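Biologist: Could you take me through one part of this model up close, the packing of the aromatic rings and whatever sits around them? Give me the cut-offs as you go, please.

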Amino acid sequence: MNPYVLTTLLFSLGLGTTITFASSHWLLAWMGLEINTLAIIPLMAQHHHPRAVEATTKYFLTQATAAAMILFASATNAWLTGEWEIQHISHPIPALATTMALALKVGLAPVHFWLPEVLQGLDLTTGLILSTWQKLAPFALILQTPSTNSTLLIILGITSTLVGGWGGLNQTQLRKILAYSSIAHLGWMILVLQFNPQLTLMALLTYFIMTFSTFAVFKINSSTNINTLATSWAKTPALTALTPLILLSLGGLPPLTGFAPKWLILQELTKQDLPLTATLAAMTALLSLYFYLRLCYAMTLTISPNTTIGVTPWRLTSTQLTLPLAIATMATLSLLPLTPTALALLTP
């Protein structure tokens, strides 16, 4: 892609998200979401592969549906209450429609079906943008919407953690596994949203760091399915030793960074007298942990067949930039002791 076009698209992505962050009016927030969607579509379809075009079309139709629902809900709220302000959405019908539209935008279960299919059709870099940056603007709106039904949020959260764990069990494609991982993590964030928004924000930022590391590892290894992970020991042995720790951090095992948000979310749910919800969330985390362990097994405990043709490309030196991966990996593995500092910074 032409560097000038790429720069324009990336700036448009940033502009759309910033407009949504800064807006207190539903129409302006909707415009920010639309700029975001239109900016990422050329990035998704840049390879002109039929699978990429299919994924782009699915993404566009899904996002257009969610945007239409948001516009309809905000117009209905203005008709019923006379208010366009995001903070003044007080009628239950527009609040319900807005929540479901934003859930569709980020890919929460049960409106998650587009996410694995879309992510599977993209290259790893665009998939990373879709899994991280594209979640920011809808999440900002979910955080700002005051009269969201608390039961609905808990149902969305539990369903997402369950679907995110269950859906990833039989997958062999890494991008689909990361899509289900995204659904599960978003479920955890939505569970605690109404009780402690700062904790949701911390979980979101932690998820971004861990996902960035995972996508960067797969990109350096040029891996898109589980079988190719078995060859990574010959390409990057040191990185192959660290990757299971990154995956276990995504699964939420101590003493890695991913443990902090899950631990604090379970603690907050227990404080709010929701022990059954906390128990269900903890049990669904075990499902996700299983497919992360499956990836660890494929990388470290299996050896790919060595053929004369196959050995040569493994030993080529990678020309990709590794500094972002190094920083993200360190953050993924060792930020747990800084959890109190992170919470203090996010608390207003």
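Modeller: Sure, starting with burial: a residue is buried under 20% relative accessible area, exposed over 50% and partly exposed in between, using a 1.4 Å probe and protein chains only. Keep in mind that this is a predicted model, where local features need pLDDT of at least 70, side-chain atom pairs count only at pLDDT 80 or more, and totals for chains, interfaces and linings use all residues. Numbering runs from 1 along each chain as its sequence is written, and side-chain values use heavy atoms, with hydrogens and water left out.

Now the spot itself. Tyrosine 207 has 1% relative accessibility, so it counts as buried. Phenylalanine 208 is buried too, at 14%. On to how such rings sit: you describe an aromatic pair by the distance of the centres and the angle of the planes. Here, rings of Phe, Tyr and Trp (its six-membered ring) pair if their centres lie within 6.5 Å; planes under 30 degrees apart are stacked, over 60 edge-to-face, and the rest tilted. That rule gives four aromatic pairs. One of them joins tyrosine 207 and phenylalanine 208, whose centres are 6.1 Å apart with planes at 55 degrees, so this pair is tilted. Phenylalanine 291 and tyrosine 292 also make a tilted pair, because their planes are at 55 degrees, with centres 4.9 Å apart. Both of those residues are buried.

Back to tyrosine 207 and phenylalanine 208, which have serine 131 for company. With contact meaning heavy atoms within 4.5 Å, and neighbours within four places in sequence set aside, serine 131 touches Leu119, Tyr207, Phe208, Thr211 and Phe215. Serine 131 belongs to helix α6 (residues 124-131), helices being DSSP runs of H or I with at least four residues, numbered from the N terminus. Its relative accessibility is 2%, so serine 131 counts as buried as well.

One more feature involves α10 (197-220). On a 1 Å grid over the protein atoms alone, a cavity is a set of points where a 1.4 Å probe fits but cannot get out, and lining residues have an atom within 4 Å of a point. Points are joined across faces, edges and corners, and the volume is the space filled by probe spheres set on them. There are three cavities of 30 Å³ or more. The second largest has a volume of about 70 Å³, and its lining includes Trp188, Ala203 and Met210. Helices α9 (174-193), α10 and α14 (259-271) each supply at least two of its lining residues.

How values were computed
1 Å grid on protein atoms, 1.4 Å probe; cavity = no way out; pocket = protein on both sides within 12 Å on 5 of 7 lines; lining within 4 Å.
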